[in-house]
Structures are given as structure tokens and as C-alpha cells.
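Visitor: I'm new to this one. Could you walk me through it, a bit at a time?
Guide: Sure, have a look first, and then ask away.

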Amino acid sequence: MKAYSRFNPFSILRSQRGVALLIALMAMTLMTFIAVEVSYDTSVDYVVASQQVNRIRAYYAAKSGVELSLLRIMLYKQVMAQVGDSLGENKSMLDPIWNFPFMWPPTAAGTDDLMETDKDAMKAAVGEALMKAQYATTISAESGRLDINDLGSEIKSFREAIMAQVLKIFQAEVQNNDAFRRRHAGVRFEELVNNIADYIDEDQESLNGGDERAPYRDLEDKDIVMPPNRGLRTVDELHQVAGMTDEFYAILAPRITVFGSKGINLNYAGREMIKALDINMTDEAVGKIMARRDDPNLGGPYKDDKDFFAYAQPLGVNVKAIEDSKIPLLFDMEYNFRIVSTGISGNVKREITAITYDFPNLKTRLAEMLDKEEPDKGPAGEDKKTDPQDTGKPAGDDKKPVETKAKIEATKARPTVVYWEEN
């Protein structure tokens, strides 16, 4: 007799419990993955947005530092125009108006001498400030560098002096850097300096001989005219000069500018520029020269070339070689400035570099240089008429010549910015 089992409907449900559990686990895994992915994307978007906000904050903080620096430069020139003559040799006491580093918010360093009320006022001002970022600014003198564009000067003696000084920069590196001398033993730096001058001057004849366009004939773009026969617009443009390498550029860059003051102001020149005046000058001598000008107790800034030579000669500096080079040495106030402002927000840093140029006062300086170049020439290059007695004075002029110095021009306008770079 055949046996039949009794049908149990709950057995089907029990057999599908494992499938339902598996589906539930898969659903939970999928939901967890989606939640994690959404959370991750949200976090990334938040970080990106936060970084973008920090970049904007850092940029405007750096820009604020530049604007404040421009105000300081303008105030310096206004004060110098008003009281500079009365200060005489003590004009340098006004330099802190522009050369003192500034940062926001102020740090606790250097505030020990402040009264508690002043410290509380400083903290209150920082707390009320709307700027949620920091910035630090420095202002340096641009005339402490050699103007490379003077290689194209119309004044022959000045042009030759600048060429000799640029060549000295490389000669000093060869003499003081053994590794550099070994790597570039066969390099003729005179030809490189001539290439820079050919890049700037207006003619097509190379100072090395032949056509100055010859080193650029391998350029792929034939529509580019090289050399352009104009002044460099930025120092970086030196990379385009025939024979210029990154290493040679790195040597020149700290010592040169394209916004100079028609000479080197030794009261603001850096260590590299001072040492380049005499290739045999020691680091010790450079240090003492800089220490003297920066310390009023040691004598302060140099008054003129005689004052500088009198101090430098006992240090072993070849004063005669510097005099023979005819390089214009300046010791007066500063006209052109380099501003470097760094803004920080969170972990983001932005930097702005700006250079100001004083056209009115530098125009006057250039006119004085032209007068010194041709003292016996009239406005049109004609000889001045002299007395029949050949006294060397203009006819009818019996008065003793009076040396005049152009008055410093200062305006209420914003300083002219000729260079602006953002990083």
C-alpha cells in the first residue's frame, strides 16, 4: 500500500527564509554603500568649496597687504618732499615708513614693552576685524639692483659701465664657486653679455660680430622676430636670450631688475650686488659694509661715494677698480619699490609681487646724467659760447655757478604700479 505524506504549507515559508535574509543583507549593503558614497562626495565637495573660499580669502588678504604698502610708499614720498631737505644727512630716519615689515594680525612678539591697555586694544581690534585671514608684507628697494635694460642706454659711457658690471657678476661666480668654474670652464661670458645687449639695443649688428639675428635662426616659428631690439619687460624674459641657461639666469636674477633707478643705490643694495662690485671682495668685507650702513651707531647710511670708498678701502676692497668702472653709485632716497605680500587662510597661501616706478623723479635723474655726459654741449648738441678770455664760462656770465638739486616731486596719487604677479 502506497504511503502519502501530509502537505505542510509552512514548510515552503521556512525554506525561503534564507533567501529573504540574503536579499535583506544585500539591500542593507547597497544602502550602506550609497550612504558612504554620498557622504564621501559631500565631504569632497565641502573640502573643495572650503579650499576655494580659503583661496579667495588668502588672495584678498595678500591684495590688502599690497594696498597698505602702496599707501606707505605714498606717505613716505610726501613726507620726504616736505621735510627731506631739512633732515639733510638724516633722511634715512624716514625709511621705517616703508621698509618695516608688517603683518596682520599682529603677533605677540615684540609687544612686551606695550602697556596692558595697548595690548587689550590690539586684541579688541583683531577680534572686531572682518578679515578671517592673515597677511605679511615686505617692501624692498628696487634701486639696489642693476637695471639690465641700461645695456641699451643711449649714453655710451653708462652703457659700457653696465656691461662691465654684468660681466663682473659672472666673473665673481667663476672665481668664488669652484663647482661652477668646473662646469663652465669653456664659456665665454663676454659673448653672453653681448647677446643680452643685442637683445635690447636697436641695431641689427651683433657685438660679437655679424648679424645679431644669427643665433635665433633655428626658431620653429618664423613669424617671431628675434631679437626684438627693445627693453626687457620682465626679468624672466632673459630666458629667451641666446646662450642663457637656467643656471646663468639664477645667478643674474637676484642682482638685476628692469625697473631700476639709473644706477645702484648702495644704501639699499643686497649682499650679492655689493659683492659684484669687486670680484675679490670677501664675505667678511660685505658683511661689515652692510652692518655699517644699517647701524646709526656705526655711521649709518653712506653719504656719498667718498664716504663709501673711505670705509671700504681699509677692508681690502679695490676702490680704484670700482671708480674706474664708472658704474653710477647712488646714495639718495629710494624711488622704486618691490612689494611682496603673502596672504594665508587655512592651509592656502597666495603671494602677490608688485613693483612701483617713479617716472617724474627718475626723469629728472636721467636729465642730470645726460648733462654730466656732455657738460660742454648745448641743448641741441652745439658748443656753448665762451668768453673771449676763454675762461670756460658762458659769455656774459661772471657769477659763480651754483649747484642745484631737483626738488623731489610727490603727489597725492597712488604710486604707479608697473609690474604685478600673482602666485
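Guide: One term before we start: a polar contact is a pair of N or O atoms within 3.5 Å. Keep in mind, too, that this is a predicted model.

Visitor: Which residue caps the N-terminal end of H11?
Guide: Look for a side-chain oxygen that lies 3.2 Å from the backbone nitrogen of lysine 306. That fits the 3.5 Å limit for a polar contact. The residue that brings this oxygen is aspartate 304.

Visitor: And which residues in helix H11 are buried?
Guide: Helix H11 covers residues 305–312. Cover for its buried residues comes from elements including helix H10 (283–294), helix H12 (319–324) and strand E6 (329–330). The buried ones in H11 are Asp307, Phe308, Phe309 and Ala312.

Visitor: How far from aspartate 147 is the nearest side chain of opposite charge?
Guide: Aspartate 147 lies in strand E3 (residues 146–147) and is buried. A salt bridge needs the charged atoms within 4 Å, and aspartate 147 has none. The nearest side chain of opposite charge belongs to lysine 262, and the distance is 4.7 Å.

Visitor: Then which backbone nitrogen lies 2.9 Å from a polar atom of the side chain of aspartate 147?
Guide: The side chain of aspartate 147 reaches the backbone nitrogen of asparagine 149 at 3.0 Å, so that one doesn't match the 2.9 Å you ask about, and a polar contact allows up to 3.5 Å. Leaving aside neighbours within four places in sequence, aspartate 147 is in contact with Ile162, Thr257, Val258, Phe259 and Gly260. The backbone nitrogen at 2.9 Å is that of glycine 260.

Visitor: What about the rings? How many aromatic pairs are there?
Guide: Ring centres must lie within 6.5 Å to pair. By this rule the count comes to 17.

Visitor: What kind of pair do tryptophan 98 and phenylalanine 337 make?
Guide: Tryptophan 98 sits in helix H3 (residues 96–99) and phenylalanine 337 in strand E7 (residues 337–345), 239 residues apart. Both are buried, and ring pairs link them with Tyr76 and Tyr268 into a cluster. Their centres are 4.9 Å apart and their planes are at 65°. Planes over 60 degrees apart count as edge-to-face, so this pair is edge-to-face.

Visitor: And what kind of pair do phenylalanine 102 and tyrosine 135 make?
Guide: This pair joins strand E1 (residues 102–104) to strand E2 (residues 134–141), with the partners 33 residues apart. Phenylalanine 102 is partly exposed at 30% relative accessible area, whereas tyrosine 135 is buried at 9%. The centres lie 6.3 Å apart with the planes at 40°, so the pair is tilted.

Visitor: Is serine 261 buried or exposed?
Guide: Serine 261 has its place in the loop between strand E4 (256–257) and strand E5 (264–265). Among the residues it touches are Ser143, Leu330 and Arg365. Its relative accessible area is 1%, and under 20% is the cut-off, so serine 261 is buried.

Visitor: Last one: how far apart in space are threonine 356 and tyrosine 419?
Guide: Threonine 356 lies in strand E8 (residues 348–356) and is buried, with a relative accessible area of 1%. Its contacts include Pro415, Thr416, Val417 and Val418. In sequence, threonine 356 and tyrosine 419 are 63 residues apart, but C-alpha to C-alpha the distance is 7.2 Å.

How values were computed:
Residues are numbered from 1 along each chain as its sequence is written. This is a predicted model: local features need pLDDT of at least 70, side-chain atom pairs count only at pLDDT 80 or more; totals for chains, interfaces and linings use all residues. Side-chain values use heavy atoms; hydrogens and water are left out. Helices (H or I, at least four residues) and strands (E, at least two) are DSSP runs, numbered from the N terminus. Buried means under 20% relative accessible area, exposed over 50%, partly exposed in between (1.4 Å probe, protein chains only). Lys and Arg count as positive and Asp and Glu as negative; His and the chain ends are not counted. A polar contact is a pair of N or O atoms within 3.5 Å; within protein, one must be able to donate a hydrogen and the other to accept it, and residues adjacent in sequence count only if both atoms are side-chain atoms. Contact means heavy atoms within 4.5 Å. Rings of Phe, Tyr and Trp (its six-membered ring) pair if their centres lie within 6.5 Å; planes under 30 degrees apart count as stacked, over 60 as edge-to-face and the rest as tilted.
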